[in-house]
Amino acid sequence: PERLHEQTAQRVARQMAKLLPVIEPTAYMNAKGIEPQPGVFTDREGQKTYIPATDVDGKQWTMQYIREDGSKRFAKDSRKEVCFHAIGGLDALAKAPVLVIGEGYATAGSLSQTLGFATVAAFDSGNLVPVAKALHEKYPDKPIVIAGDDDKHLEATQGVNPGRSKAEEAARAVGGKLLLPIFAPGEQAANPKGFTDFNDL
């Protein structure tokens, strides 16, 4: 698959050349209450949201496409493991006092807006551990905070909470701290799917 991943990386790079930096918030950003941040792109219509994913050395391997309705997918045949999106870019991440790693782009975006420094989106719970380890290796002196999702709706329906368990695992793997969003009493119970991450806060 390495050759395939490399071909996909080249295809994604060609696609990037046709995209434009987000100036006005896209539909997804509006829905999530996120300001346009550097490093995120859109098409000429300004509707879809394109989020580049790189490795720790800054090589882009894939891209997350988010449609107007919020549905997400990655470039076909692309390498996603250990790839992430640094909000504000890798240079800004190098200057951040703490590495704050969240699951989705909306979570990382909200945290970056609040904290005022670069944060990281690992894209999904399964990628939290590899991304945390790779960044810890690159920046061994930076403290790490994993901003997990609390998948209460999955816990209730399937008996598993991947957001929470993978975030705990990632924090343990790098000697970091775990932060989970805490909602108002009854808020999460009333709408468990609507209240899972820091963006919902």
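This report walks through the cores, strands and side-chain pairs of the structure above.

The model is predicted, so local features are reported only at pLDDT of at least 70 and side-chain atom pairs only at pLDDT 80 or more, while totals for chains, interfaces and linings use all residues. Residues are numbered from 1 along each chain as its sequence is written, and side-chain values use heavy atoms, with hydrogens and water left out.

**The nonpolar cores**

Let us start inside. A nonpolar core here is a set of buried Ala, Val, Leu, Ile, Met, Phe, Trp, Tyr and Cys residues joined through side-chain atoms within 4.5 Å. Buried stands for under 20% relative accessible area, exposed for over 50%, and partly exposed for values in between, using a 1.4 Å probe and protein chains only. The largest nonpolar core has 22 residues, and the members that touch the most others are F84, L93, I101, L135 and I146. Two or more residues come from each of β7 (99-102), α5 (128-138), β9 (144-147) and α7 (162-173). Of these, α5 gives the most, with six residues. These element names follow DSSP runs numbered from the N terminus: helices are H or I runs of at least four residues, and strands are E runs of at least two.

What does I101 touch, leaving aside its neighbours within four places in sequence? Taking contact as heavy atoms within 4.5 Å, its partners include V120, L128, V131 and L135, as well as I144, V145, I146 and A147. There is also a second, separate core of 17 residues, with Y28, M29, I87 and F123 among them.

**The Toprim region and β9**

An unreviewed UniProt entry annotates residues 97-185 as "domain: Toprim"; such positions are given in the numbering used here, feature names are shortened, and annotations may be inferred rather than shown by experiment. Over residues 97-185 the chain is 46% helix and 15% strand, with its end C-alpha atoms 32 Å apart.

Strand β9 has two sides: I144 and I146 point one way, V145 and A147 the other, and all are buried. Strands count as paired if DSSP finds at least two bridges between them. On that basis, β9 runs parallel to β7, joined by four bridges, and L99 has I144 as its bridge partner. Strand β10 (residues 177-179) also runs parallel to β9, through three bridges, and here A147 stands opposite L179.

Helix α6 (residues 152-158) holds H153, which counts as buried because its relative accessibility is 16%. Beyond residues up to four places away in sequence, H153 touches P192, K193 and T196.

**Two hairpins around β4**

How many residues of strand β4 (residues 60-66) are buried? Seven of its seven are. Strand β4 takes part in two hairpins, compared below.

| Strands | Bridges and sense | Facing residues | Turn |
|---|---|---|---|
| β3 (residues 49-54) and β4 | six bridges, antiparallel | P52 opposite M63 | five residues between; G58 has a positive phi of about 90° |
| β4 and β5 (residues 72-74) | three bridges, antiparallel | I66 opposite K72 | five residues between; G70 has a positive phi of about 90° |

**Aromatic pairs and charges over rings**

Rings of Phe, Tyr and Trp (its six-membered ring) pair if their centres lie within 6.5 Å; planes under 30 degrees apart are stacked, over 60 edge-to-face, and the rest tilted. By this rule there are three aromatic pairs. One of them is Y50 with Y65: the centres are 5.6 Å apart and the planes at 90°, so the pair is edge-to-face. This pair links strand β3, which holds Y50, with strand β4, which holds Y65, 15 residues apart. Y50 is buried at a relative accessible area of 9%, and Y65 is buried at 9% too. F183 and F195 also make an edge-to-face pair, 5.4 Å centre to centre with 70° between the planes. F183 is in the loop between β10 and α8 (187-190) and F195 in the segment after α8, twelve residues apart; both F183 and F195 are buried.

A charge sits over a ring if NZ of Lys or CZ of Arg is within 6 Å of the ring centre and within 35 degrees of the ring normal. The charged end of K59 is placed this way over W61, 4.7 Å from the ring centre, and K142 lies over the face of Y139 at 5.5 Å.
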